[in-house]
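Welcome, and thanks for opening your viewer. Let's take a short walk through this structure, one selection at a time.

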Amino acid sequence: MDARMCRRIAAAVLVLLGLMPSVAAAETRLKAVATFSILADLVAQVGGEQVSVTSLVGPDADAHGYSPTPGDARRVAEADLVVVNGLGFEGWIERLIKASGTKAPVIVASKGVKTIAGNHDHDDHGPDHGDHADPHAWQNVANAKLYVANIRDGLSAADPAHAALYAANASAYIQKLDALDAEIRATLQTIPAERRRIITTHDSFGYFSDAYGMRFLAPQGISTDSEAGPKDVARIIRQIRRDKVPAVFVESIADPRLMQQIARESGAKVGGRIYSDALSGPGGPAPGYLEMMRSNLQAFREALG
Ligand SMILES: [Zn+2]
């Protein structure tokens, strides 16, 4: 018997004993664990009230080099469903799943994404970089729609009784994603093409760049695992001057000092804080995926428009 069935039976007993008004009111919701905050929001959008979701890597935190805790192993062990990005984003997840002993199904949210390679503009940092696919697929809204469809299918397989609810939630949210996509395109149209150039700390906007025609350069590769060396920084400063890149941006998960140094030495201005790999906390400007994309868009427009 799985953990969820146990909770259902316990809830039914409480109802029979008159201690709980209904089974629906009891904690019979599907327990999902997502690896990082952006994914957790997408799961919450599709799952609605039937799913309780927690994120292993929290808001404003970096998932690339994350070190799971014993508490994470416990949460994964108790989960009915584990949702991961895939594409090598969470290098630590396979070990964690194995160590936790969980039998829960694992949904790979990026399944079916047409991947792009990491930025090859710069020197590779080592054998782990270079040929890997860029994992930040959610930065293209079309891919976020694919994530939502994969999450919907995963939730429905784990909890067929609520498949119609998950389908309705997913299609309502996909409409919001379509509106967001149109808004991004319309807003970027107002920025002159030669100003659609941005520097970020790590190479996390490749899919955005690809989908919406904005050029991003970064001193760090597609992972934050390796630090940018003096050669990377010098190369970026040369590029900023040569291409007249208007602004550099500090990602919420990154140390701001590198971008401040690059801005100082290159003459580019420092744009607002942007969100690449993690949401902000609930009180911040990017508590959900839609807000995150709009907050970034506003920062780009203010710095470049
Ligand atoms: Zn990243």
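## First stop: an arginine in a strand

Select Arg215, which is found in strand β6. Keep in mind as you look around that this is a predicted model. Is Arg215 buried, exposed or partly exposed? With a relative accessible area of 34%, Arg215 is partly exposed. Now add Glu194 to the selection: Arg215 and Glu194 are 21 residues apart in sequence, and their C-alpha atoms are 9.5 Å apart in space.

## Second stop: the open sheet

Widen the view to the sheet around β6. Four strands make up this open sheet, in the order β6-β5-β7-β8, with parallel pairing. The edges are taken by β6 (215–217) and β8 (269–274); each has a single partner strand, so one side of each is left without a neighbour in the sheet. On average, neighbouring strands here are turned by 35° against each other, direction ignored.

Zoom in on β7 (residues 247–251), which runs parallel to β8 and is joined to β8 by four bridges. Which residue in β8 is the bridge partner of Val250? Pick Arg273 and you have found it.

Next, show the helices that lie across these strands:

- α8 (residues 230–243) lies across β5 (197–199), β6 and β7, and runs at about 150° to β6.
- α10 (residues 289–304) lies across β5, β6, β7 and β8, and runs at about 170° to β8.

## Third stop: the zinc ion

Select the zinc ion and its donors. His64, His136 and His202, each through NE2, coordinate the zinc ion together with Asp277 through OD, at 1.9 to 2.0 Å. The angles among the four donor atoms are 96 to 114°, and the site is tetrahedral. Along the sequence, the donor residues follow the spacing H-x71-H-x65-H-x74-D. His64 sits in the loop between β2 and α3, and Asp277 in the loop between β8 and α10, so this pair ties together parts that are 213 residues apart in sequence. Both His64 and Asp277 are buried.

## Last stop: helix α4

Finally, select α4 (residues 93–100) and colour Ile93, Leu96, Ile97 and Ser100, its buried residues. Look down the axis of α4: the buried residues fall within an arc of 100°, so they line one face of the helix. Turn to the other side of α4 and you meet Glu94, Arg95, Lys98 and Ala99, which are exposed.

What do the buried residues of α4 pack against? Show β1 (30–36), β2 (51–57), α3 (70–78), β3 (81–84) and β4 (106–108) to see their partners. Just after α4, finish at Gly101, which takes a positive phi of about 75°.

How values were computed: Residues numbered from 1 in each chain as written. Predicted model: local features only at pLDDT ≥ 70, side-chain atom pairs only at ≥ 80, totals over all residues. Heavy atoms only, no water. Buried < 20%, exposed > 50% of the residue type's maximum accessible area, 1.4 Å probe, protein only. Helix = DSSP H or I, 4+ residues; strand = E, 2+ residues; numbered from the N terminus. Arc of directions from axis to C-beta. Contact = heavy atoms within 4.5 Å. Pairing = 2+ DSSP bridges. Axes fitted to C-alpha atoms, helices over the stretch in contact; angles between N-to-C directions. Donors = N, O, S within 2.8 Å, 3.2 Å for Na, K, Ca; no water. Tetrahedral: all angles 85-135°; square planar, octahedral: opposite > 155°, others 65-115°.
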